Amino acid sequence: AGPRPVPAELTDGNSEHLKREHSLMKPYQGAGSAAMPLWDFQGSTIVTSQYVRLTPDERSREGSIWNRVPCFLKDWELHIHFKIHGAGKKNLHGDGLALWYTQERLTPGPVFGSKDNFHGLAIFLDTYPNDEATERVFPYISAMVNNGSLTYDHSKDGRWTELAGCSADLRNQNHDTFLAVRYSRGRLTVMTDVEDKNEWKNCIDIAGVQLPTGYFFGASAGTGDLSDNHDIISMKLFQLMVEHPVEDETVDWTKIEPSVSLLKSPKDNVDDPTGNFRSGPLTGWKVFLLLLCALLGIIVCAVVGAVVFQKRQERNKRFY
């Protein structure tokens, strides 16, 4: 097969924008060994001539692959060609795959085979619903930005720290499946191509995201009591040619703390099958605050009314 066309709404596909030092493509140099000059891998990861398998379809396995070169691009787009497949039937497979742009690298942990309390960006391709009460349809793709202070809650499928997400039927497909992650001028966009239509579909679009430069790209996966093959076929990073305001030239982008400017906290999220933000229900303390405000308003109105009434009474007496 020839090179895959890149839709115009993402990159223009020009080869000069491809950053090979941050890209993983066939033929993998040193396939089957540790002799890959730009990438390190660990855990259960194996490199073949056709794919990088992060985990086999076996229980309790973890694996990852990480770029050795820190990325100093302020605007970039990452295209991932992947395959998640296995013998497990409906809801008998897991756990999922994660894509990373983080300060830490090659650090195994409980979050899909990598470190919790990380610094940077994570995109999770979660294939198993741990929260039995969830209304979401799995597999489910979500985004998380962390400054090291947040913990990913597996029991709730990361709902409390999720920025946004969407459902995507990406497992056990007989055709190629792709994901695109775009970061430009503080805007994070995630798109999928998993339906064999050769077109990108919107999944996540968030403004106000701040990510520093000098972090590392990577991918990891993990299995538990349930399992799947998690394969990376390619990761291609493109530099986006974007103009920035003059004041951006004075900023040390390596010192920025990962953050997101949201009108509301991700903790206000409730289950939404569409993956969109919506406000949480009125909990007990919210009802209490509303009633308190209403009571204060009534008291203020009563006091003002009494003062006005008294003034009028005094003014009327002068005329007698």
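**Notebook: salt bridges**

I looked up Glu162 first and found it buried, at 2% relative accessibility. I note that the model is a predicted one.

Next I looked for the partner of Glu162. Arg136 forms a salt bridge with Glu162, and their closest N and O atoms lie 2.7 Å apart. I checked where the two sit: Arg136 is in the loop between strand 7 and strand 8 (140-147), and Glu162 is in the loop between strand 8 and strand 9 (164-167). The pair links distant parts of the chain, 26 residues apart. I also looked up the accessibility of Arg136, which is 9%, so Arg136 counts as buried.

I then asked how many salt bridges the structure holds. I found 13.

I turned to Asp40. Asp40 and Arg105 form a salt bridge, with 2.7 Å between the closest N and O atoms. Asp40 belongs to strand 1 (residues 39-43), while Arg105 lies in the loop between strand 6 (96-102) and strand 7 (119-126). This pair also links distant parts of the chain, with the two positions 65 residues apart in numbering. Asp40 has a relative accessible area of 16%, so I entered Asp40 as buried. Arg105 has 22% relative accessibility and is therefore partly exposed.

My last pair was Glu195 and Lys197. They form a salt bridge whose closest N and O atoms are 3.4 Å apart. Is Lys197 buried or exposed? Lys197 counts as exposed, at 52% relative accessibility. Glu195, at 39%, counts as partly exposed.

I also noted a network: salt bridges with shared partners join Asp40, Arg68 and Arg105.

Technical notes: Residues numbered from 1 in each chain as written. Predicted model: local features only at pLDDT ≥ 70, side-chain atom pairs only at ≥ 80, totals over all residues. Heavy atoms only, no water. Salt bridge = Lys/Arg side-chain N within 4 Å of Asp/Glu carboxyl O. Helix = DSSP H or I, 4+ residues; strand = E, 2+ residues; numbered from the N terminus. Buried < 20%, exposed > 50% of the residue type's maximum accessible area, 1.4 Å probe, protein only.
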